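User: Please take a close look at one sheet of this model and at the parts that surround it. I would like a connected account rather than a list.

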Amino acid sequence: MKKIKLFILLFVMLFGLVDHIKAEELSATMSITGTNQPGSNLTIKVNTTNVTELNSISSYKIDLNIDSRLVFKSCVNRVNNPLEAPTINETFSIKSNTTLLTCVYTIPTDIEVGTNMSISFNNSTLTKTDDTVIDVVETKNIVIQRLLSSVATLNSISVSSGSLVPYFNKNILSYTVNVLDDINSITINATKTDSKATVSGTGVKTLNYGTNTFNIVVTAEDKTVKTYVLKVMKTDQRSIDTTLESLIIGNVELNPKFKATIREYEVTVGSDVQKLEIEAIPSSDKATINIAGNENLKTGKNIITLKVTSENGISSEYQLVVNKLDKGEVKVPIKEEKPEASNPEKENKDYSGILYITMAGTLVLLICLGILILRMND
């Protein structure tokens with residue numbers, strides 16, 4: 001029984017020690033947000049720390065000592081009741097961490113850079129539910145900094161080839177540059193308006209055919225960003241011709257006869273032919289030809305493809321259907337249609353009879369016309 005009582009006593013003492021530690025940890029802290037620059041606002045907040053159901057607050061008094069050079073703007077407590085000064089004294093049960101006070105002050109525009117200002121607690125306390133009073137003590141110092149530049153513009157943009165359209169204006173952010181097809185790179189230069197800003201995106205740029213888009217990014221000292229866009233248009237005058245000028249197959253006749261616009265042909269070869277001797281010449285000397293399927297021709301139908309790629313990369317194909325004969329099979333020659341021979345007899349036909357009939361008819365007509373005229377005179 002004594003051991004049980006001793007255990008209970010130790011448990012109570014331990015619980016009391018833990019509670020005491022928690023009470024010592026309970027406090028309030030100050031936070032200040034905003035830029036420490038002339039004309040900017042500072043937001044001051046007071047927040048409780050380590051508040052729990054068991055370690056709660058029954059009342060508190062918060063009084064801030066503000067540097068007199070700061071200009072009061074507004075001050076609200078945790079329930080948004082307006083205050084005229086940064087002081088609050090309430091009896092209110094607080095069982096979790098909360099914001100006790102929020103105040104906003106403005107730094108004067110004429111204050112000197114480097115000025116030190118302090119904000120501190122003045123006679124501020126937290127009272128626990130067991131009437132334990134905890135003093136809140138803290139001081140914050142702020143040093144006035146130089147107002148950062150927000151200028152993120154350029155004074156000029158220049159290029160090594162072509163010219164900007166429209167003419168440069170620091171407030172115009174988009175430009176077009178036209179260059180010839182033999183220009184493979186362009187150098188972009190830019191000068192910034194503010195020396196404290198940084199510029200990226202300039203230098204030597206590789207050009208592809210068509211539209212090349214480059215961004216010149218200006219970042220001001222205060223991190224304001226502005227982007228100028230250059231679209232460099234490289235004209236594409238490369239040939240797009242994917243036709244053949246001629247196609248000759250050694251010792252083999254094409255069917256039909258070659259014509260650049262005809263894309264499919266048929267040939268017949270003997271059983272001993274393994275590969276065709278193909279002579280293909282592109283219409284453009286800058287085009288290339290790739291032949292596929294002209295290896296180890298098999299008996300029967302074979303397809304050979306001639307892929308013609310133009311200078312600018314466009315491709316089209318010609319196709320050869322190769323009929324390879326089996327052993328012992330005879331190649332049937334292609335029958336050529338001969339033009340009809342001229343008939344000399346027809347060309348030298350005698351038309352004299354028709355001529356005599358025409359002359360006699362004309363003579364009879366004239367005699368009749370003369371007789372008619374004589375009768376009319378009588």
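How many helices and strands does the protein chain have? In what order do the four strands of the open sheet lie, and where is Asn294 found?

Analyst: This is a predicted model, in which local features need pLDDT of at least 70 and side-chain atom pairs count only at pLDDT 80 or more, while totals for chains, interfaces and linings use all residues. Residues are numbered from 1 along each chain as its sequence is written, and side-chain values use heavy atoms, with hydrogens and water left out.

The protein chain has three helices and 23 strands; these are DSSP runs numbered from the N terminus, helices being H or I of at least four residues and strands E of at least two. Of its 378 residues, 29% count as buried (buried is under 20% relative accessible area, exposed over 50%, partly exposed in between, with a 1.4 Å probe and protein chains only). Contacts between residues at least 6 apart in sequence join residues at least 24 apart in 59% of cases, a contact being heavy atoms within 4.5 Å.

The open sheet has four strands in the order 19-23-22-21, with mixed pairing; two strands pair if DSSP finds at least two bridges between them. Strand 19 (264–269) and strand 21 (288–292) are the edge strands, each pairing on one side only. On average, neighbouring strands of this sheet are turned by 20 degrees against each other, direction ignored (axes are lines fitted to C-alpha atoms, and angles run from 0 to 180 degrees between N-to-C directions). Strand 22 (residues 300–309) and strand 23 (residues 315–324) run antiparallel and are joined by ten bridges. Thr305 has Gln319 of strand 23 as its bridge partner.

Asn294 is found in the loop between strand 21 and strand 22. Asn294 is buried, at a relative accessible area of 7%. A polar atom of the Asn294 side chain lies 2.8 Å from the backbone nitrogen of Leu276. Beyond its neighbours within four places in sequence, Asn294 is in contact with Lys275, Leu276, Ile278 and Ile304.

Strand 23 also takes part in a ring pair. The rings of Phe168 and Tyr175 give a stacked pair to set beside it, 5.8 Å centre to centre with 25 degrees between the planes (rings of Phe, Tyr and Trp, the last by its six-membered ring, pair if their centres lie within 6.5 Å; planes under 30 degrees apart are stacked, over 60 edge-to-face and the rest tilted). The pair of Phe258 and Tyr318 is tilted, because the ring centres are 6.5 Å apart and the planes stand at 35 degrees. Phe258 lies in the loop between strand 18 (244–249) and strand 19, and Tyr318 in strand 23, so this pair ties together parts that are 60 residues apart in sequence. Phe258 is partly exposed, with a relative accessible area of 24%, whereas Tyr318 is buried at 1%.

In the stacked pair, Phe168 counts as partly exposed at 23% relative accessibility and Tyr175 as buried at 0%. Ring pairs link Phe168, Tyr175 and Tyr228 into a cluster. The structure holds five aromatic pairs.

Definitions and conventions
Polar contact = N/O pair within 3.5 Å; in protein donor to acceptor, adjacent residues only side chain to side chain.
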